[in-house]
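User: Could you go through this structure with me? I have a few loose questions, and I'd like to jump between topics as we go.

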Amino acid sequence: MSNSSVGKRLFFTIVLIFVLFALAFVLFQYQRERTYKRQLIETQLKEYNIHFAESIQQYDGNDTIDYCRRFVRRHPARNLIVTVSHNDGTIIFSTDTTHTAPPDNYLYSTTPFPRQRLVITTAMPVDLHLAEMLSTDKTYLYFAAFMMVILCIALYRFTAPLGRNITKLRRFADKITNNEPIHSTDLTDFPDDELGEIAERIVTFYHRWQRTKEEQNRLKRELTHNIAHELKTPAAGIMGYLETIINNKQITPDLREQFIQRSFALSKRLAALITDISVLNRMDEYNPAKHTPESVEVGPIIERIYSECNLQLADKHITFNNNVPQNACVGADPAYVYSIFRNLTDNSIAYAGDGITITIDAQRSGQYWQFIFADNGAGVDQHHLPRLFERFYRTDEGRTRAAGGTGLGLAIVRNAVVIYGGTITVTGGKGVGLTFRFTLPAFPAHPSDRT
């Protein structure tokens with residue numbers, strides 16, 4: 001790779017192109033002006049021949065040769081060679097006694113006159129005065145040189161910042177390639193022009209991306225730690241119970257049964273935790289653009305959840321009110337819609353308390369359906385609300401584990417809503433229950449519901 005900067009290469013390339021163009025223009029102009037002046041002199045000589053022929057025609061004397069000699073002497077140019085001849089080449093008069101062709105350093109014009117049966121040739125020597133007349137005007141040369149200087153200055157003012165910007169970006173790219181820390185302020189101090197603005201935006205975007213990547217790595221480490229901790233707890237409990245059963249042969253049947261039941265409960269919690277983690281991973285990798293949304297009727301899904309949870313609802317004397325309209329259809333994956341309402345229902349059953357009421361409402365709002373899932377149970381303190389959708393966040397560690405929760409239910413709810421462009425919020429407080437408001441994109445209702 002060349003050590004010269006792009007700005008310098010661009011500068012010298014354009015200057016070279018302009019110099020070549022200027023030289024071509026100068027040569028063209030030189031030849032054009034020289035040809036023009038020669039043609040001008042030849043035209044003057046032709047006019048002189050015409051005037052000479054008219055004078056001969058008007059002369060009524062006897063001594064034509066003497067008249068021609070006197071006519072030629074009246075011309076201001078010296079050493080003028082004038083030859084008058086008939087059409088057949090017979091010379092009538094000539095100032096050149098040798099009667100040869102004009103030398104190379106002469107300009108001449110030959111004019112035939114058919115009516116008079118004459119041919120007049122006039123030749124003028126290219127002396128110092130005529131050479132000065134034929135020389136080109138050098139004003140345009142000075143103008144071209146002046147314009148070249150102006151162009152060089154303008155090009156330098158344009159290419160110098162460009163070269164500096166590209167040099168900084170190249171140094172910036174080298175640091176990225178070599179994984180070097182980027183702290184130098186000269187990498188972000190670009191000239192105040194369009195190129196500098198673009199370069200600065202690239203650097204700013206990289207810094208923002210780097211901060212985002214660091215934050216993602218931090219969250220990933222934190223999530224990995226939490227997953228390991230959550231998996232370790234039930235696994236350790238299962239191992240402890242089984243180890244006790246194996247190492248104590250004299251354990252009573254009732255105690256053995258109790259330990260087996262507890263191990264089974266922990267294994268169910270471990271399976272639920274793995275399932276929820278798998279669901280979240282699929283949601284993180286889900287791209288709605290690659291999937292065609294289905295028309296999902298929300299009402300039947302809620303009725304299905306009510307049927308599956310009927311025994312749990314009855315045990316806790318929970319009233320379940322489904323007020324969702326029958327024509328409420330959303331464009332989403334049926335499994336994700338099920339996960340939303342199932343996790344919200346499980347959350348209320350597990351933590352809201354006994355004798356509560358769960359109410360689900362919905363209404364159409366433009367291109368979305370807005371759902372309200374509310375209970376009037378125990379609720380949580382206000383300071384917990386902003387973090388309820390975080391993975392593995394628990395308002396009461398002991399109570400949550402006793403209820404068998406994985407700590408991922410509300411995170412699944414939020415992700416399922418967000419991947420379809422919806423929004424979700426939670427309000428409530430201690431002793432007043434929780435209210436979840438979220439939106440999902442509307443989809444044309446079932447054909448039988450269309451008007």
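User: Is Glu-390 buried, exposed or partly exposed?

Analyst: Bearing in mind that this is a predicted model, Glu-390 is partly exposed, with a relative accessible area of 32%.

User: And which residue does Glu-390 form a salt bridge with?

Analyst: The partner is Arg-387, and the closest N and O atoms of the two are 3.0 Å apart. Arg-387 also counts as partly exposed, at 39% relative accessibility.

User: Which residues are joined into one network by salt bridges that share partners?

Analyst: That network joins Arg-304, Glu-308, Arg-342 and Asp-346. Within it, the side chains of Arg-342 and Asp-346 meet at 3.0 Å, N to O, and both residues lie in helix H9, which spans residues 334–351, where they are four residues apart, about one turn of the helix. Asp-346 has a relative accessible area of 27%, so it is partly exposed.

User: How many salt bridges turn up in the whole structure?

Analyst: The search finds six. One that we have not discussed is between Asp-66 and Arg-69, where the closest N and O atoms are 4.0 Å apart. Both residues lie in helix H2, three residues apart, which is again about one turn of the helix. Asp-66 is partly exposed at 27% relative accessible area, and Arg-69 is likewise partly exposed at 35%.

User: Staying with H2, which of its residues are buried?

Analyst: In H2, residues 64–73, the buried ones are Tyr-67, Cys-68, Phe-71 and Val-72. Seen down the axis of H2, these buried residues fall within an arc of 135 degrees, so they line one face of the helix.

User: How many residues of H11 are buried?

Analyst: Eight of the 10 residues in H11, which covers 409–418, are buried, so the helix is mostly covered by the cut-off of under 20% relative accessible area. Among them are Leu-410, Ile-412, Val-413, Asn-415 and Val-417.

User: Back to the loop after H2: where is Ala-77 found?

Analyst: Ala-77 is in the loop between H2 and strand E1, the latter being residues 81–86. With a relative accessible area of 21%, Ala-77 is partly exposed; buried would mean under 20%. Its C-alpha atom is separated by 8.8 Å from that of Pro-125, although the two residues are 48 apart along the chain.

User: Now the strands. How many bridges join E8 to E9?

Analyst: Eight bridges join E8, residues 357–365, to E9, residues 368–375, and the two strands run antiparallel. Gln-363 stands opposite Gln-370 of E9. The hairpin of E8 and E9 has two residues between the strands, and Gly-366 takes a positive phi near 65 degrees there.

User: What about E9 and E11: how many bridges, and which residue stands opposite Trp-369?

Analyst: Seven bridges join E9 to E11, which is residues 433–441, and this pair also runs antiparallel. The residue opposite Trp-369 is Leu-440 in E11.

User: One last topic: how many disulfides does the search find?

Analyst: Zero, with the whole structure searched. As for individual cysteines, Cys-329 is buried with a relative accessible area of 0%, whereas Cys-152 is partly exposed at 22%.

Note on methods: Residues numbered from 1 in each chain as written. Predicted model: local features only at pLDDT ≥ 70, side-chain atom pairs only at ≥ 80, totals over all residues. Heavy atoms only, no water. Disulfide = S-S within 2.5 Å. Buried < 20%, exposed > 50% of the residue type's maximum accessible area, 1.4 Å probe, protein only. Arc of directions from axis to C-beta. Pairing = 2+ DSSP bridges.
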